[in-house]
Amino acid sequence: MKFFIDTANLDEIREVHELGLLSGVTTNPSLVAKEQGVSFHDRIREIAALVPGSVSAEVISLDAEGMIREGKELAALAQNITVKVPMTPDGIKACHAFSKAGIKTNVTLIFNANQALLAARAGATYVSPFLGRLDDIGQNGLELITQVADIFAVHGLETEIIAASIRNPIHVTEAALRGAHIATIPYKVLIGLFHHPLTDKGIEGFLKDWSNRKNA
Ligand code: E4P
């Protein structure tokens, strides 16, 4: 499973990219809105220049025609842009048009397996099932990853699964086990994956023993 970061913040992207971990970035209108004083297109251009992998930029229009117009503008910003469209009939229509035009797509706001299948059949490059938001309403987000991965495998569908709306390290481990190709993870959760108290304790013990060695 590959790592994407789910943010529009350049400092967060730069820090994780420098670790050599990053295969891509996802943004959404809420994440971009948090970034003050920068235009949407400029920020997407900056992110795309920083990270060579896929950078998802989401359309705002609700009709297919508007999505296609916006998506073409976004795709023209850099060669690694993926156009993110919502899981609606218009979104799927736009996804199909982008697929025919060779523009990569990420169908977002996927909450059941049928939605993922529809998106894959429309030629989506990626589908984004939202784990945390399903858990929030008492449904099993991780079970959705299993279902989508199984369906895509049975039918030989090449669309990649991005486990999205990740809230904790268990989501990450389980998404990997259940066959997500990618997890898009908020900065805080991603950095948290490094830590274990026994790692810290182990380093402390090694350094203590080293400084107390007889021939020091
Ligand atoms: C995915 O691409 C979305 O931007 C994101 O994962 C949504 O996460 P949230 O439910 O924490 O807002």
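Of the 216 residues in this chain, 38% count as buried. The model is a predicted one. Its secondary structure amounts to eleven helices and eight strands. Measured out along the principal axes, the box filled by the C-alpha atoms is roughly 75 × 40 × 30 Å. Contacts also say something about how the chain is arranged. Among those with a separation of 6 or more, 56% are between residues that stand 24 or more positions apart.

A good place to enter the structure is the start of the chain. Strand β1 covers residues 2-6, and this strand pairs with β2 in the parallel sense, over four bridges. Within this pairing, Ile 5 stands opposite Val 25 of β2. To get from β1 to β2 the chain passes through helix α1, residues 10-18, and the resulting β-α-β crossover is right-handed.

Strand β2 itself spans residues 22-26 and is mostly covered, with four of its five residues buried. Besides β1, strand β2 has another partner: it pairs with β3, residues 54-58, in the parallel sense over three bridges. Val 25 takes part here too, since its bridge partner in β3 is Val 55. Val 25 thus has Ile 5 opposite it in one pairing and Val 55 as its bridge partner in the other.

Next comes a residue marked in a record. UniProt, in an unreviewed entry, places the feature "active site" at Lys 84. This residue is located in strand β4, which runs over residues 81-86. Is Lys 84 buried or exposed? Lys 84 is buried, because 27 other C-beta atoms lie within 10 Å, and 20 or more are enough for a residue to be called buried.

Which residues is Lys 84 in contact with, once its neighbours within four places in sequence are left aside? They are Ser 56, Ala 57, Glu 58, Val 59, Asn 106 and Thr 108. Ser 56, Ala 57 and Glu 58 from this list fall in the range of strand β3, residues 54-58.

Thr 108 leads on to the ligand, as this residue is in contact with Lys 84 and also belongs to the ligand's surroundings. The other residues around the ligand are Asp 6, Thr 26, Asn 28, Ser 128, Phe 130, Gly 132, Arg 133, Ala 164, Ser 165 and Thr 184. Sorted by class, the shell holds two nonpolar, seven polar and two charged residues. The strands described earlier reach this shell: Asp 6 lies in the range of β1, residues 2-6, and Thr 26 lies in that of β2, residues 22-26.

Terms used:
Residues are numbered from 1 along each chain as its sequence is written. This is a predicted model: local features need pLDDT of at least 70, side-chain atom pairs count only at pLDDT 80 or more; totals for chains, interfaces and linings use all residues. A residue is buried if 20 or more other C-beta atoms lie within 10 Å of its own, exposed if 12 or fewer, and partly exposed in between; C-beta atoms are placed from the backbone. Helices (H or I, at least four residues) and strands (E, at least two) are DSSP runs, numbered from the N terminus. Two strands pair if DSSP finds at least two bridges between them. A crossover is right-handed if, with the strands pointing away from the viewer, the path from the first strand over the helix to the second runs clockwise. A residue is near a molecule or strand if its C-beta atom, placed from the backbone, lies within 6 Å of it. Ala, Val, Leu, Ile, Met, Phe, Trp, Tyr, Cys and Pro count as nonpolar, Asp, Glu, Lys and Arg as charged, and the others, Gly among them, as polar. UniProt positions are given in the numbering used here, feature names are shortened, and annotations may be inferred rather than shown by experiment. Two residues are in contact if their C-beta atoms, placed from the backbone, lie within 7 Å.
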